[in-house]
Amino acid sequence: LWAVPLAATASVLLVLSPTQLAGNTHNTTRLKGGASVGLVRISDQSNGPSFQPGEQVVLQVGPAGFSHALVLGVDNTGAVSQLWPLDTTHSGPVPPGVVARLAPPFEVTPGALTIHAFFSETPIESTEARKAMDKAVAVARRSGGDVLQVEPEPLPHELGRARLRVSIGT
């Protein structure tokens, strides 16, 4: 659903929840503020507040000084997709800067999606991340919860995370 078209938003419901994991004792100088994830419209370089079907967007992360990121998406059916980096088995090095735009661009399509970004200093295995996300989705389904609200257990090597919920009408 999104490795090519990305279900983004007519009204971005910003549920940005930066988290630095407890027990993170990595002794490194960090930027102030938490990690972040967002979408940027390619046509005018704006980040919303709304997007229309057919628009091209790119993922943007604020890595808060962490060197690696893995970005997954969960749609309203509970399907999990790796959004960045594509075609790899682990997280990728984040381009330098306070915020980084991550290629490739995606096309906005109708639907709902929660984007989860995981940050670390060493690569995070995408199969482990997908298993954790699939498990959180299964728990939500069994309990009648919202699959767009899931939070997986901490991942091996994960030091921070952020999420963004987006929803677009037809």
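## A first look at this predicted chain

Of the 170 residues in the chain, 47% are buried, where buried means under 20% relative accessible area, exposed means over 50%, and partly exposed lies in between (1.4 Å probe, protein chains only). This is a predicted model, in which local features need pLDDT of at least 70, side-chain atom pairs count only at pLDDT 80 or more, and totals for chains, interfaces and linings use all residues. Residues are numbered from 1 along each chain as its sequence is written, and side-chain values use heavy atoms, with hydrogens and water left out.

### Confidence and overall layout

Let's begin with confidence. The predictor's confidence in each residue, from 0 to 100, is called pLDDT. The chain has a mean pLDDT of 84, and 79% of its residues reach 70 or more. Two stretches call for care: pLDDT stays under 50 over residues 1-18, and it also stays under 50 over residues 20-31. Beyond four places in sequence, the model has 77 contacts for residues 1-18 and 18 contacts for residues 20-31; a contact means heavy atoms within 4.5 Å.

The chain contains one helix and 10 strands. Helices (H or I, at least four residues) and strands (E, at least two) are DSSP runs, numbered from the N terminus. Following the sequence, you meet them in the pattern β-β-β-β-β-β-β-β-β-α-β. Among contacts between residues at least 6 apart in sequence, 76% join residues at least 24 apart. The accessible surface is about 8000 Å², and 56% of it belongs to carbon and sulfur atoms; accessible areas come from the Shrake-Rupley method with a 1.4 Å probe, and for residues only the protein chains shown count as cover.

### Two nonpolar cores

Now for the interior. In soluble globular proteins, nonpolar side chains tend to be buried together. A nonpolar core is a set of buried Ala, Val, Leu, Ile, Met, Phe, Trp, Tyr and Cys residues joined through side-chain atoms within 4.5 Å. The largest one here has 27 residues, and those with the most contacts inside it are Val37, Leu39, Leu59, Val61, Val71, Ile115 and Phe119. Two or more residues come from each of β3 (36-41), β4 (56-62), β5 (68-75), β6 (80-84), β8 (100-109), β9 (111-120) and β10 (158-168). Strand β10 gives the most to this core, with five residues.

Val71 makes a good place to start exploring. Leaving out residues up to four places away in sequence, Val71 touches Leu59, Val61, Ser81, Gln82, Leu83, Trp84, Leu102, Ile115, His116 and Ala117. A second, separate core has 15 residues, including Leu72, Phe118, Ala136 and Ala140.

Ala162 sits in strand β10 and is buried, with a relative accessible area of 2%. Although Ala162 and Ile115 are 47 residues apart in sequence, their C-alpha atoms are 8.3 Å apart in space.

### Salt bridges

Charged side chains come next. A salt bridge is a side-chain nitrogen of Lys or Arg within 4 Å of a carboxyl oxygen of Asp or Glu, and a search of the whole structure finds seven. Three of them are listed here.

| Pair | Closest N to O distance |
|---|---|
| Arg41 and Asp44 | 3.5 Å |
| Glu55 and Arg41 | 2.7 Å |
| Asp146 and Arg165 | 3.3 Å |

Arg41 is buried, with a relative accessible area of 9%, while its partner Asp44 is partly exposed at 45%. Glu55 and Arg41 are both buried. Glu55 lies in the loop between β3 and β4 and Arg41 in strand β3, so this pair ties together parts that are 14 residues apart in sequence.

Asp146 is in the loop between α1 (126-143) and β10, and Arg165 is in strand β10, so their bridge ties together parts that are 19 residues apart in sequence. Asp146 is partly exposed, at 34% relative accessible area, whereas Arg165 is buried at 17%. Elsewhere, Glu151, Glu158, Arg161 and Arg163 are linked in a network of salt bridges.

### A buried histidine

One last stop is His68, found in strand β5 and buried, with a relative accessible area of 14%. A polar contact of 2.9 Å joins the side chains of His68 and Ser67. Such a contact is a pair of N or O atoms within 3.5 Å; within protein, one must be able to donate a hydrogen and the other to accept it, and residues adjacent in sequence count only if both atoms are side-chain atoms. Beyond its neighbours within four places in sequence, His68 is in contact with residues including Ser91, Pro93, Phe118 and Thr122.
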